[in-house]
Amino acid sequence: MDTKAFKRSLHSSDNYHRKGFGHATKVKEMLHSEYQSNLIQQIRESGYTWQQGNVTIQLAEAMGFCWGVERAIALAYETRQQFPSERIWITNELIHNPLVNENMRDMQVEFIPVNRQGQKDFSVVAKEDMVILPAFGASFGEMQLLNQKGCKIMDTTCPWVSKVWNSVEKHKKGDYTSIIHGKYKHEETIATSSYATKYLVVLNLQQAEYVCNYILNGGDRQEFLTKFTHAYSEGFNPDTDLIRVGIANQTTMLKGETEQIGKLFERTLMRKYGPDQVNHHFLSFNTICDATQERQDAMFQLVEQKLDLMVVVGGFNSSNTTHLQEIPIERGIPSYHIDSAERIGPGNRIEHQKLHQNLEVSESWLPSGPIVVGITSGASTPDKVVADVLQKIFDIKATT
């Protein structure tokens with residue numbers, strides 16, 4: 001099906017919304033009271049440094065809610081204000097933050113149930129219901145289904161995600177296979193790949209190098225397909241579908257790695273087909289999210305300072321938060337990824353998620369004496385959550 005034609009038709013429907021309903025002032029006040037922090041604002045105004053007792057806080061200059069997240073939350077709140085008694089569903093977590101999603105539940109926004117096979121059950125949605133599409137977007141198939149049901153739709157998809165979809169549409173028009181730098185199970189990548197006719201998802205530079213080696217030298221096709229199980233389009237054939245490729249990305253991946261992957265494929269196709277033919281075999285657009293880039297740049301700047309440890313605050317399933325965590329770890333700085341202040345205590349202990357591992361508990365994680373703590377948070381983390389984390393740190397250090 002022509003996905004662009006479908007989207008044009010959907011966007012012109014009276015049931016489709018992607019702007020507010022005139023409740024911006026009231027919603028802004030609600031969001032400020034629920035998610036903002038006077039302490040974090042004071043630290044920003046004090047040059048991103050704050051001292052309390054024997055604790056010095058060094059705050060990342062770019063952290064917390066990005067514009068796309070703020071927009072998605074505001075639209076969700078406006079939807080409930082506009083439809084106070086209607087049944088409202090959401091197809092996924094609105095964003096990857098437990099506080100925000102719990103507030104959605106408190107507002108009687110229901111999450112589409114998932115069956116034992118891991119598939120969403122849209123049979124619960126009635127024609128008179130409202131369905132919110134989250135900031136990550138929804139797959140083409142889900143939007144088709146909801147349109148067929150005739151229910152109302154509030155689309156909070158981040159415009160940066162939509163920008164990636166537009167690039168995939170251009171790949172498809174030119175018969176390019178979309179190489180998507182991302183996590184194939186992530187909601188955003190699932191949505192992005194649904195707009196492609198042919199795609200392959202690569203997680204990192206190592207996987208990209210494997211693909212590029214296959215392009216240059218060939219290899220075992222079955223081994224290739226096994227290695228990328230669930231990460232390619234139906235009927236994908238690496239022997240014929242890697243002749244023309246376009247680069248796309250999950251917007252929350254590391255900027256530097258996305259750029260490396262793009263340059264690697266460009267060099268590979270140049271070697272394979274010659275410099276004069278590379279534009280016929282390779283296509284790339286800048287789809288790196290500004291907010292993701294800014295937070296990563298701020299983290300690189302922060303780890304240049306003398307820090308005793310780093311605390312990264314954000315949802316455990318937040319891709320952009322996980323990538324922030326990688327930066328201090330690569331520098332050998334003790335780093336703790338937590339999703340809320342409740343992970344700290346009792347006493348001087350912390351429950352945190354190790355990089356790409358499970359939760360673990362560390363005792364005496366805050367050293368005695370004066371310490372310097374670096375603080376950042378993912379693009380879906382409210383400042384209020386960070387402020388609660390800081391207060392826990394101050395309380396522990398007041399007695400050590």
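Which side chain meets that of E102 in a salt bridge? In this predicted model, the partner is R105, with 3.8 Å from N to O. Both residues belong to helix α5, which spans residues 98-106, and they sit three residues apart, about one turn of the helix. An α-helix has 3.6 residues a turn, so residues three or four places apart point the same way. The two partners are each partly exposed: the relative accessibility is 38% for E102 and 40% for R105.

A second pairing within a helix is found in α7, where the side chains of K172 and E169 form a salt bridge with an N to O distance of 3.4 Å. Here too the spacing is three residues, so that about one helical turn separates K172 from E169. The surroundings of the two ends can be told apart by their accessible areas. K172 is partly exposed, at a relative accessible area of 24%, whereas E169 is buried, at 6%.

What about a salt bridge between strands? R349 and E363 meet through their side chains at 3.7 Å, N to O. R349 is part of strand β14 (residues 349-353) and E363 is part of strand β15 (residues 359-363), so this salt bridge ties together parts that lie 14 residues apart in sequence. R349 counts as partly exposed at 27% relative accessibility, while E363, at 54%, counts as exposed. Salt bridges also join into a network, which links D175, K198 and D241. The count for the model comes to 14 salt bridges. In general terms, side chains of opposite charge can pair when their charged atoms come close.

The cysteines tell another story, as the disulfide count comes to zero. C289 serves as an example: the closest cysteine sulfur belongs to C158 and lies 5.7 Å from the sulfur of C289, which is too far for a bond, because a disulfide calls for sulfur atoms within 2.5 Å. C289 is itself buried, with a relative accessible area of 7%. C212 is likewise counted as buried, at 2% relative accessibility.

Turning to the helices, α1 covers residues 3-11, and its buried residues are T3, F6, K7 and L10. Why do these residues share one side of α1? The arc they cover around the axis is only 100 degrees, which puts them on the same side of the helix. The elements covering the buried residues of α1 include β1 (16-17), α6 (140-149), β7 (152-155) and α7 (159-173). Helix α7 is thus among the elements covering α1, and α7 also holds the K172 and E169 pair described above. At the N-terminal end of α1, D2 acts as a cap, with a side-chain oxygen 3.1 Å from the backbone nitrogen of K4.

Helix α13 offers a further case. It runs through residues 290-302, has 13 residues and reaches 18 Å from its first C-alpha to its last, close to the 18 Å expected at 1.5 Å a residue. Buried along α13 are A291, T292, R295, Q296, A298, M299 and L302. They cover an arc of only 160 degrees around the axis, so they are placed on the same side of α13. Among the elements that cover these buried residues are the helices α11 (255-273) and α14 (319-330). Strands also contribute to the cover of α13, including β3 (55-59), β12 (309-313) and β16 (371-377).

Note on methods
Residues are numbered from 1 along each chain as its sequence is written. This is a predicted model: local features need pLDDT of at least 70, side-chain atom pairs count only at pLDDT 80 or more; totals for chains, interfaces and linings use all residues. Side-chain values use heavy atoms; hydrogens and water are left out. Buried means under 20% relative accessible area, exposed over 50%, partly exposed in between (1.4 Å probe, protein chains only). Helices (H or I, at least four residues) and strands (E, at least two) are DSSP runs, numbered from the N terminus. The arc is that of the directions from the helix axis to the C-beta atoms. Contact means heavy atoms within 4.5 Å. A polar contact is a pair of N or O atoms within 3.5 Å; within protein, one must be able to donate a hydrogen and the other to accept it, and residues adjacent in sequence count only if both atoms are side-chain atoms. A salt bridge is a side-chain nitrogen of Lys or Arg within 4 Å of a carboxyl oxygen of Asp or Glu. The expected span of a helix is 1.5 Å times one less than its number of residues.
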